[in-house]
Amino acid sequence: MASRTDEEKLRALLPHWIDHNDEHAAEFRLWAEKARAAGRDDVAEEITLAAKQLAWVNEALSDARKKLEGRTETL
């Protein structure tokens, strides 16, 4: 079990990580559109995939946050 101090750090870090990933995903989508506009659909597809994977990462981080808070239900 994590120490109380570690739990407090996690309570602060998890929302920060989720927000930070959301910012990156938005930037990835922006650059995917720029790549698509430049005729590089192949590059855009990979960047879009990275944005989607960040969404999956955020789901896992959100689930971790819920468990840390004692909630186990999922949306």
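**Two helices and their charged residues**

Let me begin with the helix pair: helix 1, spanning residues 4-37, packs against helix 2, residues 41-68, at an angle of about 165°, and their axes are 8 Å apart. Helices here are DSSP runs (H or I, at least four residues), numbered from the N terminus, while axes are lines fitted to C-alpha atoms over the stretch in contact, with angles running from 0 to 180 degrees between N-to-C directions. Helix 1 and helix 2 are therefore roughly antiparallel to each other, a term used for angles over 145 degrees. The contact of helix 1 with helix 2 involves 20 nonpolar, 5 polar and 8 charged residues, where Asp, Glu, Lys and Arg count as charged, Ala, Val, Leu, Ile, Met, Phe, Trp, Tyr, Cys and Pro as nonpolar, and the others, Gly among them, as polar.

I should say early that this is a predicted model, in which local features need pLDDT of at least 70 and side-chain atom pairs count only at pLDDT 80 or more, although totals for chains, interfaces and linings use all residues. Residues are numbered from 1 along each chain as its sequence is written, and side-chain values use heavy atoms, with hydrogens and water left out.

Turning to single residues, arginine 4 belongs to helix 1 and is exposed, at a relative accessible area of 54%; exposed means over 50%, buried under 20% and partly exposed in between, with a 1.4 Å probe and protein chains only. From arginine 4 to isoleucine 18 there are 14 residues in sequence and 21 Å in space, C-alpha to C-alpha.

In helix 2 we find lysine 67, which is exposed with a relative accessible area of 59%, and whose C-alpha is 11 Å from that of leucine 14, although the two are 53 residues apart in sequence. Arginine 65 is also placed in helix 2, but counts as partly exposed at 33% relative accessibility.

Finally, what lies over the face of tryptophan 31? Lysine 34 does, at 4.5 Å from the ring centre, the criterion being NZ of Lys or CZ of Arg within 6 Å of the ring centre and within 35 degrees of the ring normal.

Definitions and conventions: Helices (H or I, at least four residues) and strands (E, at least two) are DSSP runs, numbered from the N terminus. Angles under 35 degrees count as roughly parallel, over 145 as roughly antiparallel, 65 to 115 as roughly perpendicular and the rest as oblique.
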